[in-house]
Amino acid sequence: MASRDHGDPGDAPTIAPPLTAVANPARPSAAEEARTVAASTNTATLASLSADGDPWASLVTYGLLGGAPVLCVSQMAEHGRNLIRDARASVSIVAPNPPDDPLANTRITLAGKVRRPSPEELSAAREAHIVGVPAARYYIDYSDFSVWVLDVERVRWVGGYGRMDSASGTEYEAAAPDPVSPKAAGAVNHLNDDHGQALLAMAQRLGGYPDATEARCEGADRYGLDIRVSTPRGWSVTRVGYVEPIDSIEELRGATVQLARLAAPSS
């Protein structure tokens, strides 16, 4: 069996495990994470199969019909001809605003088969692509362009180093994009700028790192906060879930105030 160990030569930063149980590790499922990434941008790398069976990667734009990517590609392009010949395809989508280390960024792969939309859904698919890619209104009706829907059968989500999971196409279709994380940047900056001690207390008392010396919020979603911690043993990212999931960015302040109260030394 092939080794799943990276074979660290010894000079990589040490990732510290938690010392106590995380109070509430609730977080989005892989399907929810994938739906959120898919809804966050309109560009992807399309993998299709050439006539000789070789893989072919191309930059494409897309809209979403539900969670299904809707492509509009020209038959003059190799990937357009590939889709006509072989319906198997996948798209790789990278979340916007990447960190300095590209491999620390969130990305997904959606794999399945493409198809031309049925007459009943053609109008909706066409509109979905234009909503996602407004410039497409100028070329979507050209005779060499075709609209394709990717029926997702398999999903892989990678949330950065050491964070990854898979989901089925059915799970992906049933999930919904997170209503909080795409709008949370300002709130995350506010937490880091003005509430560093509260974040540290959350990491120490709720996040499993009583020896944390520094804590910074890396993200917020409807279930909780991702908090990066520094300890004498190394660094890590822990999870601090809210008392209850929230449904909008307007509820984020109240949810974090509850966490701060729970984590306060006097609580």
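How many residues lie between strand 2 and strand 3 in their hairpin, and which residue in the turn has a positive phi? In this predicted model, the hairpin formed by strand 2 and strand 3 has two residues between the strands, and Gly 66 in the turn has a positive phi of about 65°. The two strands, of which strand 2 spans residues 55–65, pair in the antiparallel sense over four bridges. One of the residues that face each other across this hairpin is Leu 65, whose bridge partner in strand 3 is Ala 68.

Strand 3 comprises residues 68–74 and is mostly covered, with seven of its seven residues buried. In a regular strand, side chains alternate between the two faces of the sheet. In strand 3, Ala 68, Val 70, Cys 72 and Ser 74 point one way, while Pro 69, Leu 71 and Val 73 point the other way; residues of both sets are buried. Strand 3 is also joined to strand 6 (residues 145–158) by five bridges, and these two strands run antiparallel. Within this pairing, Val 70 of strand 3 stands opposite Val 149 of strand 6.

The domain assignment of the protein gives two segments, domain 1 (30–174) and domain 2 (181–263). The centres of domain 1 and domain 2, taken over C-alpha atoms, are separated by 32 Å. UniProt, in an unreviewed entry, places the feature "domain: DUF2470" at residues 185–259. Over residues 185–259, the chain is 37% helix and 31% strand, and the C-alpha atoms at the ends are 19 Å apart.

Aromatic contacts were examined next. The structure holds two aromatic pairs. In one of them, Tyr 139 and Phe 145 are tilted, with a distance of 5.0 Å centre to centre and an angle of 40° between the planes. The other is formed by Tyr 142 and Phe 145, whose ring centres lie 6.2 Å apart; their planes meet at 70°, so this pair is edge-to-face. Phe 145 takes part in the tilted pair and in the edge-to-face pair, and Tyr 139, Tyr 142 and Phe 145 form one aromatic cluster. The members of the cluster are partly exposed: the relative accessible area is 21% for Tyr 139, 22% for Phe 145 and 48% for Tyr 142.

Aromatic rings also meet charged side chains. Arg 35 lies over the face of Tyr 172, at 5.4 Å from the ring centre. The charged end of Arg 116 is placed over the ring of Trp 148, 5.6 Å from the centre of that ring.

Side chains of opposite charge can pair when their charged atoms come close. A search of the whole structure finds twelve salt bridges. Among them is the pair of Arg 126 and Asp 141, in which the closest N and O atoms are 2.6 Å apart. This pair links distant parts of the chain, Arg 126 lying in helix 3 (residues 122–132) and Asp 141 in the loop between helix 3 and strand 6, 15 residues apart. Arg 126 is partly exposed at a relative accessible area of 29%, whereas Asp 141 is exposed at 57%.

A further salt bridge connects Arg 228 with Glu 218, with the closest N and O atoms 3.9 Å apart. Here the link runs between strand 9 (residues 224–231), which holds Arg 228, and strand 8 (residues 214–220), which holds Glu 218; the two residues are ten residues apart. Both partners are partly exposed, Arg 228 with a relative accessible area of 34% and Glu 218 with 49%.

In a third example, Asp 247 forms a salt bridge with Arg 222, and the closest N and O atoms are 2.4 Å apart. Asp 247 lies in the loop between strand 10 (234–241) and helix 7 (252–263) and Arg 222 in the loop between strand 8 and strand 9, so the pair ties together parts of the chain 25 residues apart in sequence. Arg 222 counts as buried, at 19% relative accessibility. Salt bridges that share partners also join Arg 27, Glu 33, Asp 221, Asp 226 and Arg 239 into one network.

Definitions and conventions:
Residues are numbered from 1 along each chain as its sequence is written. This is a predicted model: local features need pLDDT of at least 70, side-chain atom pairs count only at pLDDT 80 or more; totals for chains, interfaces and linings use all residues. Side-chain values use heavy atoms; hydrogens and water are left out. UniProt positions are given in the numbering used here, feature names are shortened, and annotations may be inferred rather than shown by experiment. Rings of Phe, Tyr and Trp (its six-membered ring) pair if their centres lie within 6.5 Å; planes under 30 degrees apart count as stacked, over 60 as edge-to-face and the rest as tilted. Buried means under 20% relative accessible area, exposed over 50%, partly exposed in between (1.4 Å probe, protein chains only). A charge sits over a ring if NZ of Lys or CZ of Arg is within 6 Å of the ring centre and within 35 degrees of the ring normal. Domain bounds come from an automatic or database domain assignment. Two strands pair if DSSP finds at least two bridges between them. A salt bridge is a side-chain nitrogen of Lys or Arg within 4 Å of a carboxyl oxygen of Asp or Glu.
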